[in-house]
Structures are given as structure tokens and as C-alpha cells.
Amino acid sequence: MKVCFPVQQDEGIESKVYNHFGSAPLFIVVDTETNLVATINNGDQHHSHGACNPLKALDNQKVDAVVVGGIGAGALTRLNQLGISVHRAQAATVRENVFLYTAKNLPAFTVQGCCGGRSHDGKCAH
């Protein structure tokens, strides 16, 4: 299973999970079966609010799940329509969240729990 983590900086498995899907500069993808780690540049980082294109952001890479600190309702809906589950990060690093994800200890995002926008520092502006 390939799990995607939006991040600010590429520190591999020790990268800190970013607080917002659409504005993350990078994505770390972890294959939970092989433990391979890949980095994807966000191809849609500078979109207008509510216009995130997850496939463009992920450079059309196939992932099964996304783990993030926050996400807008539009991006969540589009990811879910593509069969990609979205979960709320519960720890600081990709490594910690991979462990929680594989143990099925990360809650799924719902539209009611989504961000209303983002602030200038990338954090969710609830």
C-alpha cells in the first residue's frame, strides 16, 4: 500500500507531516509493503483556494492513502472519489504516522473536519 504524506522538507521517513495538503511543497510516499520511500514535488502548490487538483499535485502518481494535518473539503472529496482514503496525522513525523497507519490508528477525515482555508504559513485556518 502506498501512503502519501505532505511535507515541508524532504527528510525522508523522518520528515515532518505538513499541516495542509494542497500547499505542501513536497510529498513523501511510503510503500508499506516494501518500505521504499519516494519524494514527489507538488505540481499544484500555487492553486487558488478551493481549486486543488490532487492528481496534478501528486504528478499523477498512484497512492492508496494520504495522511495529513489538514485538508480542504474539495481536495478531500476529489481524493475520496479517486478511491484514496485520507487520514488525520496523529504524530509529527512520517515514520510515526506510518506505524499508526499500519496499526489502523489514524482517523479518517470527513468533510465536517476539513479546513476552511489556509493561512500564509501553510497551517489550516479553521
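**A buried asparagine, a hairpin and two cores**

With a relative accessibility of 0%, Asn-97 counts as buried, because the cut-off for that label is anything under 20%. The model is a predicted one, and in it Asn-97 sits in helix α3, which covers residues 94-102. So what does the side chain of Asn-97 have for a polar partner? One of its polar atoms lies 2.9 Å from the backbone nitrogen of Gln-90. Gln-90 also turns up among the residues in contact with Asn-97 once neighbours within four places in sequence are set aside. The rest of that list runs through Phe-5, Val-17, Val-67, Ala-89, Ala-91, Ala-92 and Leu-106.

Next comes the hairpin. Strand β2 takes in residues 26-31 and strand β3 residues 37-41, and the two pair up antiparallel through five bridges. Within this pairing, Val-30 stands opposite Val-37 of β3. Five residues lie between the strands, and in this hairpin Asn-35 adopts a positive phi near 65°.

As for the nonpolar interior, the largest core is made of 19 residues. Phe-21, Phe-27, Val-66, Ile-71 and Val-86 are the ones with the most contacts inside it. At least two residues of this core come from each of β2, β4 (65-68) and α2 (73-81), with α2 giving the largest share, three residues. There is also a second, separate core of 15 residues, whose members include Val-3, Val-7, Leu-26 and Leu-100. In soluble globular proteins, nonpolar side chains do tend to be buried together.

Definitions and conventions
Residues are numbered from 1 along each chain as its sequence is written. This is a predicted model: local features need pLDDT of at least 70, side-chain atom pairs count only at pLDDT 80 or more; totals for chains, interfaces and linings use all residues. Side-chain values use heavy atoms; hydrogens and water are left out. Two strands pair if DSSP finds at least two bridges between them. Helices (H or I, at least four residues) and strands (E, at least two) are DSSP runs, numbered from the N terminus. A nonpolar core is a set of buried Ala, Val, Leu, Ile, Met, Phe, Trp, Tyr and Cys residues joined through side-chain atoms within 4.5 Å. Buried means under 20% relative accessible area, exposed over 50%, partly exposed in between (1.4 Å probe, protein chains only). A polar contact is a pair of N or O atoms within 3.5 Å; within protein, one must be able to donate a hydrogen and the other to accept it, and residues adjacent in sequence count only if both atoms are side-chain atoms. Contact means heavy atoms within 4.5 Å.
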